[in-house]
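Student: I'd like to learn how to read a model like this one, step by step. Can we go through it together?
Tutor: Sure, let's put it up and begin with the surface.

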Amino acid sequence: MTDYSLIGIYGGTFDPVHYGHLRVAEELVDTIAFDQFFFVPAGEPRLREAPIASKYHRTRMVALSIQNNPRFSLDKREIKRAGVSATVESLREYHAEYNGKAALCFIMGADTFLKIHHWHHWLEIFQLCHLVIVDRPDSMRMMDRRNFPPVIQDACASRWITCPTDLTSQFSGMIYIAETTLLDISATRIRNLIAADKSIRYLLPEAVSDYIKTHHLYSGENGFK
Ligand code: ATP
């Protein structure tokens, strides 16, 4: 049996990146034997409103947030891509680059997973990578699979695994639910706090909040604590 090396891919708008993202990633690299772990900021996402901060600023904030962590890397492929970006395009590229020799593991929160059937070419995703899903406090618990949209239940029925080492046994198509600390932090909440002139301290790295302050992101000229 082939033992594939594991590549973690954490996509998101990161508008801005926060400790919800970072702590989850840190716990995942402790639990799963990733060879590499990439943060991949989205350029222009297809399925949601345009991010508030530019792709340049969002990428700079991710870079600052992981700068002292040798386990994490930044991948700028999506922000370099012109036009609207779909995750499947990046996964196809990764797949070609690793030439089928590594198993790609795409990380997502439960809220994202429960909308996966709206993604561009969503069934192809299972041919290209595994999914590693983490719960979020405000989302349906991943244990309650009976409540998933039927189309997701059908597509995923034979894919669930409970042991992360199984991810190395094939290069795609499995779904693992990782237990990570539930942190009720979202980028929306951070943006709303800034707009309401409230503190965002301790929700994200200081280097990121300093960057937001310096560049007057999310607040206009004033209103940052
Ligand atoms: P927004 O509030 O703008 O929707 P967000 O905080 O959900 O942003 P994204 O950049 O959209 O952040 O999220 C990227 C990925 O990280 C998604 O799969 C999302 O589910 C996951 N994620 C975000 N915050 C958390 C969190 N606190 N715990 C676990 N997963 C999270």
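Tutor: Start with the outside. The protein chain exposes about 11200 Å², and carbon and sulfur atoms supply 49% of that area. Keep in mind that this is a predicted model.

Student: And what share of the residues of the protein chain counts as buried?

Tutor: A residue is called buried when its relative accessible area is under 20%. By that cut-off, 52% of the 225 residues of the protein chain are buried.

Student: How many helices and strands does the protein chain have?

Tutor: There are 9 helices and 9 strands. The chain's radius of gyration is 17 Å, close to the 17 Å that the globule rule gives for 225 residues, so the chain is as compact as a globular protein of that length. If you prefer a box, the C-alpha trace spans about 55 × 35 × 35 Å along its principal axes.

Student: What do the contacts say about sequence separation?

Tutor: Take the contacts with a separation of 6 or more: residues 24 or more positions apart account for 74% of them. For one pair to look at, try Y202 and Y19, which are 183 residues apart along the chain, with their C-alpha atoms separated by 8.2 Å.

Student: Where does Y202 sit, and why does Y202 count as buried or exposed?

Tutor: Y202 is in the loop between α8 and α9 (206–214). The cut-off for exposed is over 50% relative accessible area. Y202 counts as exposed because its relative accessibility is 70%.

Student: Now the ligand. Which residues are closest to the ligand?

Tutor: For a shell, you ask which residues have a heavy atom within 4 Å of the molecule. Here 23 residues surround the ligand, and the closest are H18, D111, R136, A187 and T188. By type, the shell divides into 8 nonpolar, 10 polar and 5 charged residues.

Student: Which elements each supply at least two residues of that shell?

Tutor: Those are β1 (5–12), α1 (19–31), β6 (102–109), α5 (110–113) and α8 (187–195).

Student: What polar atoms lie by the ligand's oxygen and nitrogen atoms?

Tutor: Look for N or O pairs within 3.5 Å. A polar side-chain atom of H18 is 2.9 Å from a ligand oxygen, and a polar backbone atom of T13 is 3.1 Å from an oxygen atom of the ligand. A ligand nitrogen, in turn, lies 3.0 Å from a polar backbone atom of I185. As for cover, the ligand taken alone exposes 600 Å², and the protein buries 93% of that.

Key
Residues numbered from 1 in each chain as written. Predicted model: local features only at pLDDT ≥ 70, side-chain atom pairs only at ≥ 80, totals over all residues. Heavy atoms only, no water. Polar contact = N/O pair within 3.5 Å; in protein donor to acceptor, adjacent residues only side chain to side chain. Areas by Shrake-Rupley, 256 points an atom, 1.4 Å probe, with all protein chains shown as cover. Helix = DSSP H or I, 4+ residues; strand = E, 2+ residues; numbered from the N terminus. Nonpolar A, V, L, I, M, F, W, Y, C, P; charged D, E, K, R; others polar. Rg over C-alpha atoms; globule rule 2.2 N^0.38 Å. Buried < 20%, exposed > 50% of the residue type's maximum accessible area, 1.4 Å probe, protein only. Contact = heavy atoms within 4.5 Å.
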